[in-house]
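This report goes through a predicted model, from its sheet to its ligand shell and its backbone exceptions. The sequence and the structure come first.

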Amino acid sequence: MQGNSSQTSLNRGADLSIGRIVSVTGSKAIVLLDGASNSRARSSDGRPEMGTLLAIETARTTVLAIVSALSVPVPSQRDGESEVWIAELGLVGELSNSERSDTPYFNRGVTAYPALGDRVRLAQKPELEATFCGDTSAMVRVGAIRQDSTIPAMVRVDELLGKHFAILGTTGTGKSCTTALILRSIVEKNPAAHILLLDPHNEYATAFTEWAEVISPRNMQLPYWLLTFEEIVEVLVGDGDRKAEVEVLQEIIPIAKTRYNTARSAEPAKIRRGLGDPNRCTVDTPVPYRISDLLSLLDERMGKLENRRDLAPYRSLKHRIETISQDGRYAFMFGSRTVFDSMAQVLGRLFRVPVNNKPITILELTGIPSEVVNVVVSVLCRMTFDFALWSEGQVPVTLVCEEAHRYVPANSTLGFEPCKRAIAKIAKEGRKYGASLCIVTQRPAEIDPTILSQCNTVFALRMSNDRDQEIVASAVADTGAGLLEFLPSLGQREAIAFGDGMSLPARIKFDELPRSALPKSSTAIFSERWQTSLNEEGFLDQIVERWRASGIPTNGDAPHQLAMMADALSDALGMQSASAAESSSYMAEEASGYRVAAHSASPYSTAPSANRQNGSLVRRDVPTSTSHSSGTRSSAPERTAPVSQTNPGDKATSGLSSSDALRSLRERLSRS
Ligand SMILES: Nc1ncnc2c1ncn2[C@@H]1O[C@H](COP(=O)(O)OP(=O)(O)O)[C@@H](O)[C@H]1O
Ligand SMILES: [Mg+2]
């Protein structure tokens with residue numbers, strides 16, 4: 001059957017055709033290729049390969065089909081003898097002619113099926129363009145289509161993020177580079193993105209130098225009172241059969257919250273903003289409470305007990321609370337002596353509100369003990385969902401989980417339960433609230449299948465393990481499945497991309513990241529390092545120092561925390577931003593020997609920026625003796641004497657001096 005004369009300019013007639021349809025079943029078709037005698041069938045540009053996109057004209061549309069298998073059922077015995085060449089196709093989409101423009105538009109799925117005898121040809125460049133690019137307004141480029149390297153591979157941002165995506169591939173195939181590339185493309189076009197990236201190998205900071213807020217638990221603030229009951233139990237009690245302790249905590253935490261809250265209720269409503277009715281705190285409500293209240297509640301209850309044997313859970317809880325609040329590794333959670341309501345600041349910094357030109361938060365996790373990492377990751381994953389939920393979808397957030405098999409393993413005995421649940425929740429319900437997930441892993445077979453199955457777009461890089469390939473194959477709709485045969489043999493920067501983020505499943509080649517945007521490779525170059533001996537003086541000492549310092553909080557916390565406190569207070573007081581910045585800087589300075597440098601770049605990119613304009617913090621050489629104990633804490637605002645109060649309303653307008661601002665902030669703090 002020949003081309004219909006009424007068909008469009010895209011129909012190049014039958015002369016380009018390479019065969020004819022001999023079978024159509026559902027979404028599959030079989031083509032009898034114009035055999036070996038046809039020179040086009042042998043030439044490289046006319047020869048269909050696995051994964052090639054073919055076109056078949058029907059009355060109103062052009063059906064697009066992907067080659068999923070090629071075979072010669074009965075090979076001839078002698079060269080030159082005729083034989084039957086077969087191509088199996090998956091029917092994947094169609095191009096329809098629009099009345100308004102010359103370019104046809106692409107639809108997934110097929111409405112008009114090809115008939116027996118219809119001629120089949122390779123899809124032409126305008127067809128590939130219409131298919132893979134189409135309306136590019138909400139798309140970003142990540143690479144090129146393998147079939148024609150002049151056609152860009154575009155991903156649809158809303159589908160990609162809204163319905164979660166996964167980047168899979170054997171180690172060293174380029175997952176981290178791909179993650180960086182995709183995120184960079186997205187951020188370039190969406191400068192006010194909100195992306196939280198969990199970075200277990202501290203490799204991404206170099207890929208987003210200008211765009212990322214880099215946080216490690218050493219400069220992070222994640223106050224314990226933000227934890228849900230389950231999370232705080234995990235930290236303070238751990239697993240095992242400790243029911244009695246859990247019950248005690250369940251009783252005293254709401255009381256501690258109420259105590260803190262009641263103390264606040266005397267203050268004007270503006271300052272208590274968000275704390276709500278002090279009598280209506282549940283054990284999970286993220287409102288501040290003091291560790292000192294917990295300890296005194298424990299003491300009170302111990303004092304009332306008659307049977308000494310009942311003391312055990314109280315004693316062990318008290319001991320654990322005391323130990324952990326001294327533990328340097330947990331300083332990001334318990335390090336602050338002063339409890340103040342910094343929730344808005346913590347959320348603002350983590351989820352980039354306002355964005356302040358840094359749409360990505362990178363959370364570096366290397367070198368932190370696994371139980372601490374588990375808690376941090378779990379809290380952040382849970383907060384990502386809650387933040388999206390309570391922002392009612394106004395701030396869509398993407399959580400990128402590198403090495404996701406660590407956090408959501410398929411094996412139910414592995415991993416950290418609260419963390420698994422938090423990620424699963426984003427995977428299952430996140431779409432409704434604008435919380436999305438990017439799963440990056442080298443072991444798709446080891447990841448919880450329910451989570452992987454929620455990833456609607458997959459970029460599969462080279463993969464050799466059979467189990468892993470099976471898992472990926474099970475995630476692909478049948479029609480693109482032939483492409484997965486390539487998985488073990490994909491080249492550098494190549495991937496099979498399929499799912500909602502792509503128009504059609506395709507073999508693509510990612511763009512090359514510029515050197516300046518590469519993630520720091522974690523692969524050691526043995527052949528280079530093993531050429532000369534390292535005789536550098538002090539090298540081993542440096543290693544030892546770094547090693548030992550891993551558990552010690554840096555003093556970077558103190559000014560940051562104080563600045564955050566000042567921000568929190570000035571927010572509540574409605575002070576103008578300049579004086580807030582000023583006072584926060586001064587507070588920080590007083591506390592730990594930091595001086596204010598107006599307009600200079602801060603080495604602490606971590607300092608909260610909500611209310612800052614200038615006056616960033618610059619580290620002065622702080623004598624080590626002030627680093628940890630006395631220097632920081634003895635001057636902490638909690639201990640300073642109250643000064644008489646002035647009306648907060650006046651402050652904003654009266655050109656308040658920085659020392660006044662400081663004094664008033666201190667006064668408020670001293671009452672906490
Ligand atoms: N898009 C890309 N641009 C530049 N280099 C890439 C790209 N993809 C992969 N590479 C190269 O592949 C190497 C390994 O990539 P990496 O992302 O570290 O792998 P993985 O995370 O899978 O272990 C990198 O060092 C880099 O040289
Ligand atoms: Mg990697």
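How many bridges join β12 to β13, and do the two run parallel or antiparallel? Four bridges join them, and the two strands run parallel. Helices (H or I, at least four residues) and strands (E, at least two) are DSSP runs, numbered from the N terminus, and two strands pair if DSSP finds at least two bridges between them.

The model is predicted: local features need pLDDT of at least 70, side-chain atom pairs count only at pLDDT 80 or more, and totals for chains, interfaces and linings use all residues. Residues are numbered from 1 along each chain as its sequence is written, while chains are lettered from A and ligands numbered from 1 in the order in which they are written.

**Overall content**

The chain has 22 helices and 20 strands. Of its 672 residues, 44% are buried. Here a residue is buried if 20 or more other C-beta atoms lie within 10 Å of its own, exposed if 12 or fewer, and partly exposed in between, with C-beta atoms placed from the backbone. Among contacts between residues at least 6 apart in sequence, 72% join residues at least 24 apart; a contact requires C-beta atoms, placed from the backbone, within 7 Å.

**The sheet**

Eleven strands form an open sheet with mixed pairing, in the order β9-β8-β18-β17-β16-β10-β15-β14-β11-β13-β12. Its edges are β9 (152-156) and β12 (212-215); each has a single partner strand, so one side of each is left without a neighbour in the sheet. From one strand to the next the twist averages 25 degrees, where axes are lines fitted to C-alpha atoms, for helices over the stretch in contact, and angles run from 0 to 180 degrees between N-to-C directions.

At one edge, five bridges join β8 (residues 139-145) to β9, and these strands run antiparallel. The two form a hairpin with six residues between them, and Ala144 has Pro152 in β9 as its bridge partner. Four of the five residues of β9 are buried, so this strand is largely enclosed by the rest of the structure.

At the other edge, both faces of β12 are covered: Ala212 and Val214 are buried on one side, Glu213 and Ile215 on the other. Ile215 stands opposite Leu363 in β13.

Elsewhere in the sheet, β10 (residues 165-168) and β15 (residues 435-441) run parallel and are joined by four bridges. Phe165 has Cys438 in β15 as its bridge partner.

**Packing**

Helix α11 (residues 370-390) lies across β11 (195-199), β13 (360-364), β14 (397-401) and β15, and runs at about 160 degrees to β14. In the largest nonpolar core, which holds 151 residues, Cys401, Ile423 and Ile439 touch the most other members. Such a core is a set of buried Ala, Val, Leu, Ile, Met, Phe, Trp, Tyr and Cys residues joined through C-beta atoms within 7 Å. Helix α11 gives the most to this core, with eleven residues. Neighbours within four places in sequence aside, Ile423 is in contact with Cys381, Cys401, Tyr407, Val408, Leu437 and Ile451.

**The shell around ligand 1**

Which residues come nearest to ligand 1? Of the 15 residues around it, these are Gly174, Lys175, Ser176, Cys177 and Leu513, a residue being near if its C-beta atom, placed from the backbone, lies within 6 Å of the molecule. Helix α4 (residues 175-189) supplies the largest share of the shell, four residues. The shell divides into five nonpolar, seven polar and three charged residues. Ala, Val, Leu, Ile, Met, Phe, Trp, Tyr, Cys and Pro count as nonpolar, Asp, Glu, Lys and Arg as charged, and the others, Gly among them, as polar.

**Backbone exceptions**

The table lists residues with positive phi.

| Residue | Phi |
|---|---|
| His164 | about 65 degrees |
| Arg352 | about 55 degrees |
| Glu403 | near 50 degrees |

His164 lies in the loop between α3 (157-162) and β10 and is buried, with 29 other C-beta atoms within 10 Å. Glu403, in the loop between β14 and α12 (404-407), counts as partly exposed because it has 19 C-beta neighbours inside 10 Å. Arg352 comes just after α10. In helix α10 itself (residues 343-350), Gln345, Val346, Gly348, Arg349 and Leu350 are buried. The peptide bond from Val353 to Pro354 is cis, with omega near -5 degrees; Pro354 is found in the loop between α10 and β13.

Conventions
Two residues are in contact if their C-beta atoms, placed from the backbone, lie within 7 Å.
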